[in-house]
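Student: Please take me on a close look at the place where the ligand sits. Then show me the strands that belong to that part.

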Amino acid sequence: MNAQYDVVVVGGGHAGIEATHAAWKLGVKTAMLTMDINAIGRMSCNPAVGGVAKGQIVRDIDALGGLMGLLTDKAGIQFRMLNMSKGPAVWGPRAQCDMKYYSEIAREVITNLPGLSVIQGELAAFERMADGRLELTLLNGDRYVTRALVVTSGTFLASKMFTGLETSIGGRVGEPSADKLSECLAFNGIALRRLKTGTPSRLDPDSIDFNECDVQRGDDVAWPMSDRHVAETVPGRDADYFWGDALNKFVRNDCVCWITRTNIKTHDILRSGFKDSPMFSGRIHGKGPRYCPSIEDKINRFGDRDGHQLFLEPEQADIGRVYINGFSSSLPADIQLAAIHTIPGLTRARVLQIGYAVEYDSVDATQLYPTFECKKVPGLYFAGQVCGTSGYEEAAGQGLLAGINAALKIKGEGPFILGRSDSYLGVMADDLTNILLDEPYRMFTSRAEYRLFLRSDNAETRLKERAHEIGMISDSDYADWKHRLDLMDAARKRLAEESATPDQANIILASGGQALASERCRWINVLRRPGIDPELFFRTALPDMTLARRDQWFMYAEEIYAGFFDRQAREIDDQKKMEAVRLPENLDYMQVTAISIESRQRLNAHKPLTLGQASRVPGVRPADITVLAHWLENR
Ligand SMILES: Cc1cc2nc3c(=O)[nH]c(=O)nc-3n(C[C@H](O)[C@H](O)[C@H](O)COP(=O)(O)OP(=O)(O)OC[C@H]3O[C@@H](n4cnc5c(N)ncnc54)[C@H](O)[C@@H]3O)c2cc1C
């Protein structure tokens with residue numbers, strides 16, 4: 001008899017880890033099926049997690065009970081909050097990680113989840129059985145049966161790697177391609193398209209002259225990615241949660257990165273290899289990520305620049321290998337090497353792994369519901385790079401949502417869908433399932449209409465309640481959060497009632513370059529002044545209260561943005577009303593003759609699920625949405 005599961009997750013990458021953990025945490029019988037157990041949590045490209053918008057995603061994942069923030073804090077070796085010179089809405093926490101350790105602890109966590117099965121093997125095909133379940137066949141002939149299948153196959157579907165004129169089969173250096181699964185998806189009528197991504201060379205640190213480079217250090221005080229640094233117990237399970245006390249530690253923040261630059265000579269050498277570039281010669285058909293271009297693409301597009309900044313990032317705490325961030329390339333190896341040798345600090349660099357590009361099949365995600373379930377094959381979910389995204393964080397976020405939704409469906413509970421005003425995860429799920437992409441999607445703060453609400457400091461306020469409702473957050477974690485909320489309420493009340501002397505206020509106002517006070521003023525009015533140092537503020541205003549550092553910054557951000565919130569809250573309300581109007585899936589928009597032909601055609605092609613989604617279908621006119629709303633009411 002074949003082993004039977006509620007949820008099988010295919011893939012042990014960043015999407016697979018979150019999907020597996022979420023389904024397991026929600027109490028359904030779960031298995032992870034992956035080609036190589038040792039590759040669980042492997043970072044294919046840069047040894048870092050987070051950044052602007054991506055860091056907010058990690059904070060969202062953490063607030064929803066996911067793993068990425070916890071893993072990053074454990075494996076992090078340098079933490080920086082990016083964009084600190086701008087407003088809190090666009091700050092992005094980022095951590096340089098020891099990538100070997102990241103993968104080790106991810107594997108340890110997954111393989112120790114009580115009751116979870118981890119199967120090493122390659123999924124070759126699936127078939128729907130008469131009872132609606134899916135029968136899985138592995139390449140070695142083993143079979144399993146599952147009620148839901150979450151495919152998180154990353155860059156591995158029918159994948160090819162390129163360096164200059166050399167081509168090889170594989171999804172990542174040293175790892176095979178999953179060709180059979182790609183064929184099976186096409187056989188099931190799922191539309192696929194080719195995308196590509198690339199990675200730079202890795203260098204031997206002993207061959208780099210770091211004196212020629214600028215040093216980049218972490219923040220003086222690190223911002224951890226996770227807010228959950230306490231042991232927790234999973235509801236309904238006997239075993240203590242696997243973290244135990246291990247995370248009650250200060251994050252490590254002592255590693256440095258280095259900065260150097262390409263120059264005209266580097267560009268000339270790279271240009272001499274363009275004729276053998278798989279990208280320019282048309283041997284790669286897939287589109288690459290626009291905002292993460294290869295060095296040859298940058299030179300081709302911005303040819304007049306005299307140099308491009310590069311970051312030399314250690315892959316491990318004891319350095320191991322050095323990753324050249326900004327120098328991704330698939331040019332011939334001799335060209336890459338010669339170009340590297342023109343860069344300050346790298347003139348004698350030894351290359352341990354040459355840069356390459358990978359081209360792979362991905363799924364057109366407009367074939368999915370916002371739960372990441374496939375419209376054509378019920379019970380089949382996709383998440384991660386296979387849905388056309390790029391980046392660990394985007395992959396992890398989708399994995400979390402797909403894993404949660406697969407488990408909730410098995411349990412007979414309603415879907416878990418986040419809105420565009422709740423989280424970056426909601427923005428991403430909506431974008432991916434609504435807009436036909438022709439290039440890899442990565443998250444930017446500019447994709448979010450309500451980014452003043454979607455900050456890294458308020459992920460808990462936005463998401464913790466909902467995570468607790470579905471069981472992703474334990475009661476003890478939730479109680480801990482409630483206690484913090486109570487403390488903040490008490491603090492806010494005191495700040496509104498108590499006042500500062502001019503001397504007290506002026507120390508803080510001076511920290512933000514603000515006009516000084518000449519008379520007593522309420523503390524809350526001091527907190528509302530942009531640019532002040534919130535930590536200095538709370539030390540001075542409420543020396544007897546111990547508020548978490550994140551909560552101090554959260555209260556500051558809430559005050560400085562208060563004026564904008566009222567306006568945005570009204571917009572969000574209108575948006576939510578539109579999201580609540582469901583559109584019949586089989587509606588033929590050609591019947592709605594009062595709207596333009598172009599809008600009708602686009603709506604017919606997209607078949608949006610709600611009026612809100614319809615309003616975001618590219619090319620559909622706002623006036624037509626108003627007409628459609630009336631048409632629906634009067635139908
Ligand atoms: C060469 C390269 C360069 C990259 N460059 C960038 C970049 O510049 N910027 C960026 O943001 N991101 C980049 N990435 C992407 C980044 O690595 C991914 O976004 C991220 O790892 C995606 O996570 P994932 O979980 O979706 O897939 P992956 O991390 O790729 O994991 C996929 C998992 O699925 C497993 N698998 C696949 N098929 C099967 C099957 N049939 N049966 C069983 N298991 C299967 C694999 O073994 C693997 O464990 C790059 C990736 C590669 C390979």
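Tutor: Here is a walk from the ligand outward.

This is a predicted model, so local features need pLDDT of at least 70, side-chain atom pairs count only at pLDDT 80 or more, and totals for chains, interfaces and linings use all residues. Residues are numbered from 1 along each chain as its sequence is written, and side-chain values use heavy atoms, with hydrogens and water left out.

Start with the neighbours. The ligand has 36 residues around it. A residue counts as near if one of its heavy atoms lies within 4 Å of the molecule. Ala15, Leu123, Gly198, Gln385 and Gly391 come nearest. Sorted by class, the shell holds 14 nonpolar, 19 polar and three charged residues. In this sorting, Ala, Val, Leu, Ile, Met, Phe, Trp, Tyr, Cys and Pro are nonpolar, Asp, Glu, Lys and Arg are charged, and the others, Gly among them, are polar.

Now the polar contacts. Such a contact is a pair of N or O atoms within 3.5 Å; within protein, one must be able to donate a hydrogen and the other to accept it, and residues adjacent in sequence count only if both atoms are side-chain atoms. Gly12 has a backbone N or O atom 3.1 Å from an oxygen atom of the ligand. Thr197 uses its side chain: an N or O atom there is 3.1 Å from a ligand nitrogen atom. At Gly198, a polar backbone atom is 2.9 Å from a nitrogen atom of the ligand. On its own, the ligand has 980 Å² of accessible area, and the protein covers 97% of that. Areas come from the Shrake-Rupley method with a 1.4 Å probe; for residues, only the protein chains shown count as cover.

Which elements give two or more residues to the shell? They are helix H1 (14–25), strand E2 (30–34), strand E12 (192–199), strand E19 (356–363) and helix H9 (392–410). Helices (H or I, at least four residues) and strands (E, at least two) are DSSP runs, numbered from the N terminus. E12 gives the most, with three residues.

Follow E12 into its sheet. Four strands form an open sheet in the order E11-E10-E19-E12, and the pairing is antiparallel. Two strands pair if DSSP finds at least two bridges between them. Strand E11 (166–169) and E12 are the edge strands, each pairing on one side only. From one strand to the next, the twist averages 25°. Axes are lines fitted to C-alpha atoms, for helices over the stretch in contact, and angles run from 0 to 180 degrees between N-to-C directions. E12 and E19 run antiparallel and are joined by eight bridges. One bridge pairs Lys196 with Glu359 in E19.
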